[in-house]
Protein chains: 4
Amino acid sequence: MSIRPTLVAAFLCVLGAPGPLAAQSSGVAESIAEFVVANRILADQGVIADGFGHLSCRSPADPNRFFMSRAKAAGLVTADDVMEIDLAGQALDQQGRRMFSERFIHAEIYKARPEVNAVVHSHAPALLPFGVTGTPLRPVSHMAGFLVRAAPVFEIREAGGPDTNMLVSTPELGAALAKVLGQAPVVLMRGHGFNAVGASIRQAVSRSIYAEVNARVLTEALKMGSVVYLNESEAANIAKTNDASIDRSWEIWKIRALANTPKL
Amino acid sequence: MSIRPTLVAAFLCVLGAPGPLAAQSSGVAESIAEFVVANRILADQGVIADGFGHLSCRSPADPNRFFMSRAKAAGLVTADDVMEIDLAGQALDQQGRRMFSERFIHAEIYKARPEVNAVVHSHAPALLPFGVTGTPLRPVSHMAGFLVRAAPVFEIREAGGPDTNMLVSTPELGAALAKVLGQAPVVLMRGHGFNAVGASIRQAVSRSIYAEVNARVLTEALKMGSVVYLNESEAANIAKTNDASIDRSWEIWKIRALANTPKL
Amino acid sequence: MSIRPTLVAAFLCVLGAPGPLAAQSSGVAESIAEFVVANRILADQGVIADGFGHLSCRSPADPNRFFMSRAKAAGLVTADDVMEIDLAGQALDQQGRRMFSERFIHAEIYKARPEVNAVVHSHAPALLPFGVTGTPLRPVSHMAGFLVRAAPVFEIREAGGPDTNMLVSTPELGAALAKVLGQAPVVLMRGHGFNAVGASIRQAVSRSIYAEVNARVLTEALKMGSVVYLNESEAANIAKTNDASIDRSWEIWKIRALANTPKL
Amino acid sequence: MSIRPTLVAAFLCVLGAPGPLAAQSSGVAESIAEFVVANRILADQGVIADGFGHLSCRSPADPNRFFMSRAKAAGLVTADDVMEIDLAGQALDQQGRRMFSERFIHAEIYKARPEVNAVVHSHAPALLPFGVTGTPLRPVSHMAGFLVRAAPVFEIREAGGPDTNMLVSTPELGAALAKVLGQAPVVLMRGHGFNAVGASIRQAVSRSIYAEVNARVLTEALKMGSVVYLNESEAANIAKTNDASIDRSWEIWKIRALANTPKL
């Protein structure tokens, strides 16, 4: 979550002054500014196209808390929408705001993965065919080297039985999902979408964007014939290199997102 | 058709003052404002891309009447274009305006389905392959749980013989279509398009948008292998949950639509 | 080429005053205004995405002449770019302007088809797979009823041998193309694109747009299984009905095109 | 790199005054102006969608040097970002700016191909399936006649072994890539992207755009059945003709790109 102070000021200027949360510490203020921009990027890049899907980031001030928007379209999120939530899924200062019912995805992943500081939940259409057919989502683009072990698939029937409403809206279902995720960067959810995690907001957002690109490429490649995937070395090596260059895409994603989503 | 009074004012402000119809009752004024915004959303979301396709909503003042635009592209509809039509397909105050020849789709569905208050008719390309091949359109995205029983297909040759012009432009063809629709939320029309119905404008519009997304996902999933569809419980449960959250997508759909379609 | 006088004024206002040609007669002025708008629509709708592809319309003042832009991207055409060309492909007043080398497509079709008053030449990607595989392009969308007899395919090797540059840049090749077109509304060109013709600019443009949509739908339908096409009656009937409603789509295509292409 | 003086002035006006490099000679100033516009076009046309991918052009003042942006998204490049680099990959005046690690692609191609004056490196998704499946990328659109011999595929494992990070970030890997490219206009990189080269910026950019279009067309055509490709004569002839008409597409690409990317 490295963000230059001058950029923070710019974000706050463009997207509205942060609420009381932001006054707590500069680390928190920076996280919230980054968080708002990231929501706009996810909307602009098609990862979260409508009022569903959500982003969270762990609080830099307290590893047992995370930030998440009130239940609202990512493309409209502002600093005032940011809520602080604990790992039981309870808001610290709800102010009557409606919360996402699937916040337990985030809470349980933060419990299970101490090194994860951001989580994206998306319904992007390109990923869904892999979840409903079991076709392994493996890397054919070097930008998706992080997918080397093939994204695991969460089948909610295994944890919740055949009669769920498909949503991961309890701590138990969240824990089951986190278990299927394991140490992976991405987990597919059958008939629903996927989650991408990262050590930072930028890494989680970047992984969600390139997982989508890789899904589109692989969808077509599979129809052409035998596919050469990145091998384990290639994937691990390029994933590390890409992580060091995320800011280069972030710069243009941010400019486009702020131009294409409403100024509030 | 729940719409906040402050939003109604905003709609009227943006899209022009409503005509005489709007003066009849506040329920009607709200319906018309919502109706105009919904037309713009259908255009902006690609459900109605050109001058064809149309939306209607049942009058809150009289269940035997419904509102529909004059024959005009959805992306250009304003309050002045709204006409009140009875279930025989006759305009109450035509003012020389041209009507959609397929208004009988709407009239006959309102006759057959008392709980339906809104109907979308669309030519969205993603749905058409299902209608012409008989491939069942079933839910692979939880956002389309309402498709659980697979959308029925209206083959106009069965009702109208082999020599129609493909259009449902008579009460008889409308009634035949309504019969194929039965109690379903969506009916495909072979070689033509589809209709989505709802208890409200927002439900009918939302169903048309997510039916399109589901069609795109399923089109690719079918090429990958055996597909796991939502089962009946999952589909029914999530459909109910989604219905309670439509406003969250509506908010961003509306903002985008008003930004992307002409201010008149 | 029916265009309301008030619209002509609006077009001229938006797109620049017409050149000397426009002074000749009001029919010509109207044709040129319509022609400029149609070029912008073809660009905005993706029928002509770059600097290639072109539109022509027969002169209402002389059936042995037609209007065509100088060699220029359709999305940038203004009234000053319009040239009058005879059926031998010679400009009447060239003014040093470069002409499209494939103007013979247009000239020879006007010779062979007296009832044709407009021709579109396009490289739209969705049509090309049909031309290079011989897969019949038949109607699966009622908006493309005009395709009922399947679009013929022009194989330039049959007329020009195996060593052409793929371009229909001579009267001889144009005549061969017109012969393959025959009485059809659309002809595919192998490895190149397609041409759509019409009794008016609006009919030719409309056919090119819906041929593209139909190609996309059919491309996916063919992968799903056995396809039900419109039969001859259905196709002929709906084609006639659609021709009477072109203005409804034209209105929104025009507004979008003028908003999305440069004001010059 | 033919560019009209009046256009150069226009470019500089729109995109900011060039840095010290531009003062060296008018040929260099023109190259830099063209280079900046070309970066914006590559971003706007989807050849370089994010912060990766890059363009270079050989210096008109010294064939052993080339221009390239600092490591930055193509859609944001300005004249101030342009760096002069020698064929060993060293910057002449780095000023602390970060360089693209894959500049060796460019350096080694300039060494091996004296007639090449511009190189595009892209990750465009439509090309990737061909690289990972070995399906030959051959011309089905006459706009891609330059692909007649099928684009060769660079398998980095052959030059770098199974443990690379997929990037061509050394002179040795660059030389191996240049060897696979040979005399071709385009080389695919397995699991990564492609490079297009040209005698001018406009030719390299044009080839990258039409290679992408051809890949999309061929992807669909291959699913339909047996494909008729352009033969050698056709491809060579039309490639030559197209090269003489690049400016016609450039004009609209430039206008769109400057409208759609940030004014800095």
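**Figure 1. Strands β2(A) and β3(A) pair in the antiparallel sense in this predicted model.** Welcome to the first close-up, which shows neighbouring strands of chain A. The pairing of β2(A) with strand β3, residues 82-86 of chain A, runs over 5 bridges. To find your place, look for A:Arg65, whose bridge partner in β3(A) is A:Asp86. Is strand β2 of chain A largely enclosed or not? Of its 5 residues, numbered 65-69, 4 are buried, so the strand is largely enclosed by the rest of the structure. In a regular strand, side chains alternate between the two faces of the sheet.

**Figure 2. Strands β1(A) and β2(A) form a hairpin.** Here β2(A) is seen with another partner, strand β1, which covers residues 54-58 of chain A. These two strands run antiparallel and are joined by 3 bridges. Between them lie 6 residues. A handy landmark is A:Cys57, which stands opposite A:Phe67 in β2(A).

**Figure 3. A salt bridge joins A:Asp247 to A:Arg202.** The two side chains meet with a distance of 3.0 Å, N to O. Which helices does this pair tie together? A:Asp247 lies in helix α9 (residues 246-260) of chain A and A:Arg202 in helix α7 (residues 201-224) of chain A, so the salt bridge ties together parts that are 45 residues apart in sequence. The partners sit in unlike surroundings: A:Asp247 is partly exposed, with a relative accessible area of 43%, whereas A:Arg202 is buried, at 9%. A residue counts as buried when its relative accessible area is under 20%.

**Figure 4. Within a helix of chain B, B:Lys111 and B:Glu108 meet in a salt bridge.** The distance between their side chains is 3.0 Å, N to O. Both residues belong to helix α3 (residues 103-112) of chain B, where they are 3 residues apart and thus separated by about one helical turn. B:Lys111 is partly exposed, with 47% relative accessible area, while B:Glu108 is buried, at 7%.

**Figure 5. In chain D, a salt bridge connects D:Arg65 with D:Glu84.** Now we turn to another chain. The side chains of D:Arg65 and D:Glu84 meet at 3.7 Å, N to O. This pair links distant parts of the chain: D:Arg65 is in strand β2 (residues 65-69) of chain D, and D:Glu84 is in strand β3 (residues 82-86) of chain D, 19 residues apart. D:Arg65 is partly exposed, with a relative accessible area of 30%, and D:Glu84 is buried, with a relative accessible area of 8%.

**Figure 6. Salt bridges that share partners join residues of chains A, B, C and D into one network.** Each of the four chains contributes Glu220 and Lys223: A:Glu220, A:Lys223, B:Glu220, B:Lys223, C:Glu220, C:Lys223, D:Glu220 and D:Lys223. Over all chains, the count comes to 56 salt bridges.

**Figure 7. Chains A and B are related as by a four-fold rotation axis.** How can chain B be superposed on chain A? A rotation of 90° does it, with 0.0 Å of shift along the axis and an RMSD of 0.0 Å. The two copies are thus related as by a four-fold rotation axis. In chain B, the C-alpha nearest the axis is that of B:Lys223, which is 5.6 Å from it.

**Figure 8. Chain B meets chain A across an interface of about 2800 Å² of buried area.** On the chain B side, 33 residues are in contact with 36 residues of chain A. Carbon and sulfur atoms account for 60% of the area that the two chains bury between them. Which three residues supply more than any other three of the area that chain B buries against chain A? They are B:His142, B:Met224 and B:Arg248, with 26% of it. There are 3 salt bridges between the two chains, and the side chains of A:Arg157 and B:Glu234 meet in a salt bridge at 2.9 Å, N to O. Only 6% of the interface residues of chain B are also interface residues in chain A, so the copies meet through different surfaces.

**Figure 9. Chain A contains 9 helices and 7 strands.** This view steps back to the whole chain. Of the 264 residues in chain A, 63% are buried. Among contacts in chain A with a separation of 6 or more, 67% come from residues 24 or more positions apart. The accessible surface of chain A comes to about 8900 Å², with 52% belonging to carbon and sulfur atoms.

Notes
Residues numbered from 1 in each chain as written. Chains lettered and ligands numbered in written order. Predicted model: local features only at pLDDT ≥ 70, side-chain atom pairs only at ≥ 80, totals over all residues. Heavy atoms only, no water. Buried < 20%, exposed > 50% of the residue type's maximum accessible area, 1.4 Å probe, protein only. Pairing = 2+ DSSP bridges. Contact = heavy atoms within 4.5 Å. Areas by Shrake-Rupley, 256 points an atom, 1.4 Å probe, with all protein chains shown as cover. Least-squares fit on C-alpha atoms with pLDDT ≥ 70 in both. Buried area = accessible area lost by both parts, 1.4 Å probe.
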